Amino acid sequence: MDEVEIASVGQFQTLVRYNNPVLVVKHPDKKGAPLTELEMKRPQTAGALLDTKKETEEILNSILPPRCWEEDGQLWQQSVSSTPATRQDVINLQEMLDTRLQQTQARETGICPVRRELYSQCFDEIIRQVTINCSERGLLLLRIRDEIAMSMEAYETLYCSSVAFGMRKALQAHEEKEMLRDRVKTLEQDKEALEEIIADMKMKQEQAERRNAELRASEEKKFTEEITFLKKTNAQLKAQLEGITAPKK
């Protein structure tokens, strides 16, 4: 029976105190099968309980619903214990919590689903213990537990959305960075092409200025020679004219 209880809990036993598993249905495919001895005792035992205990059990079942599982064609059910807790039970609960935290290697700080699950089970066990002594106080703790769980879900949703937003922004920044790198590379290529054009134009400018200077010097030399020739010719003509116009003796 212990093996069934451990298997129904999961990877490790829960900190919540449960009653022994009860066989609910044996071979459910056979209709009209006779009830087992344990099934016949359950309603008789439940009928003998006091009204206050029945009410407490109903509240406990509403807070921590019974667990059901099927094994080898048999349906088992396990409900939380309605036995009041003693001071030693609380001490044992604390020791079990510390032991489970060490066994599961739960993180002491930061986000840790394992540590959160263990503390959630511990809180459920405390609610169970308080509810047995005072159902109103237990229901109030239930509201607190649900509010904490709802807040945690909201924080998880906000965290996931912020992480997704951060990843989108990181990808967007990476894409923009790559685009800027390509843009810089293109601009550098354009710059190099423009620098080559400028260098070529400067070279052509120097060549044109050199040709213009040579042409100007040639034109000035030619102009000077023409002036000199014209002055010489003018002087000769002037001398001839004076010789012609001079009176004869």
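1. Ile-63 belongs to helix H3, which spans residues 51-63; helices here are DSSP runs of H or I with at least four residues, strands are runs of E with at least two, and both are numbered from the N terminus. With a relative accessibility of 4%, Ile-63 counts as buried. The classes are buried for under 20% relative accessible area, exposed for over 50% and partly exposed in between, with a 1.4 Å probe and protein chains only. The C-alpha atom of Ile-63 stands 9.4 Å from that of Thr-131, although 68 residues separate the two along the chain. Apart from neighbours within four places in sequence, Ile-63 is in contact (heavy atoms within 4.5 Å) with Ile-127, Thr-131, Gly-138, Leu-139, Leu-142 and Arg-145.

2. The basis of the model should be stated early. This is a predicted model, in which local features need pLDDT of at least 70 and side-chain atom pairs count only at pLDDT 80 or more, whereas totals for chains, interfaces and linings use all residues. Residues are numbered from 1 along each chain as its sequence is written, and side-chain values use heavy atoms, with hydrogens and water left out.

3. Leu-60 is also part of helix H3. Its relative accessibility of 2% means that Leu-60 counts as buried. Leu-60 and Ser-135 lie 75 residues apart along the chain, and their C-alpha atoms are separated by 8.7 Å. Beyond neighbours within four places in sequence, the contacts of Leu-60 are Val-80, Ser-81, Ser-82, Arg-128, Thr-131 and Ile-132. Thr-131 is thus a contact of Leu-60 and of Ile-63.

4. Helix H4 (residues 87-103) packs with helix H5 (residues 113-133) at an angle of about 170°, and their axes are 10 Å apart. The axes are lines fitted to C-alpha atoms, for helices over the stretch in contact, and angles between N-to-C directions run from 0 to 180 degrees. H4 and H5 are therefore roughly antiparallel; the term applies to angles over 145 degrees, while those under 35 are roughly parallel, 65 to 115 roughly perpendicular and the rest oblique.

5. Which residues make the contact between H4 and H5? H4 contributes Val-90, Leu-93, Leu-97, Arg-100 and Leu-101, and H5 contributes Arg-115, Leu-118, Tyr-119, Cys-122, Glu-125, Ile-126 and Gln-129. By class, the residues of this contact comprise 8 nonpolar, 1 polar and 3 charged. Here Ala, Val, Leu, Ile, Met, Phe, Trp, Tyr, Cys and Pro count as nonpolar, Asp, Glu, Lys and Arg as charged, and the others, Gly among them, as polar.

6. Gln-129 of helix H5 is buried, with a relative accessible area of 9%. When residues up to four places away in sequence are not counted, Gln-129 touches Ala-85, Val-90 and Leu-93. Val-90 and Leu-93 also appear on the H4 side of the helix contact.

7. Two loop residues other than glycine have a positive phi. Asp-72, in the loop between strand S2 (67-71) and strand S3 (74-78), has a phi near 55°; at 70% relative accessibility, Asp-72 counts as exposed. Gln-105, in the loop between H4 and H5, likewise has a phi near 55° and counts as exposed at 70% relative accessibility.

8. Pro-21 occupies the loop between H1 and strand S1 (22-26). Buried or exposed, how does Pro-21 count? Pro-21 counts as buried, at 6% relative accessibility. From C-alpha to C-alpha, Pro-21 is 9.9 Å from Pro-66, with their positions 45 residues apart in sequence.

9. The secondary structure comprises 6 helices and 3 strands, in the order α-β-α-α-β-β-α-α-α from the N terminus. Of the 249 residues, 19% are buried. Among contacts between residues at least 6 apart in sequence, 66% join residues at least 24 apart.

10. Confidence calls for attention. The average pLDDT, the predictor's confidence in each residue from 0 to 100, is 81, and 83% of the residues score at least 70. Confidence is highest in helix H6 (residues 135-245), with a mean of 91, and lowest in helix H1 (residues 2-9), with a mean of 34. Over residues 1-12 pLDDT stays under 50, and the model has 16 contacts for them beyond four places in sequence. Residues 27-49 also have a pLDDT below 50, with 15 contacts beyond near neighbours in sequence. Where pLDDT is low, predicted coordinates should not be read in detail.
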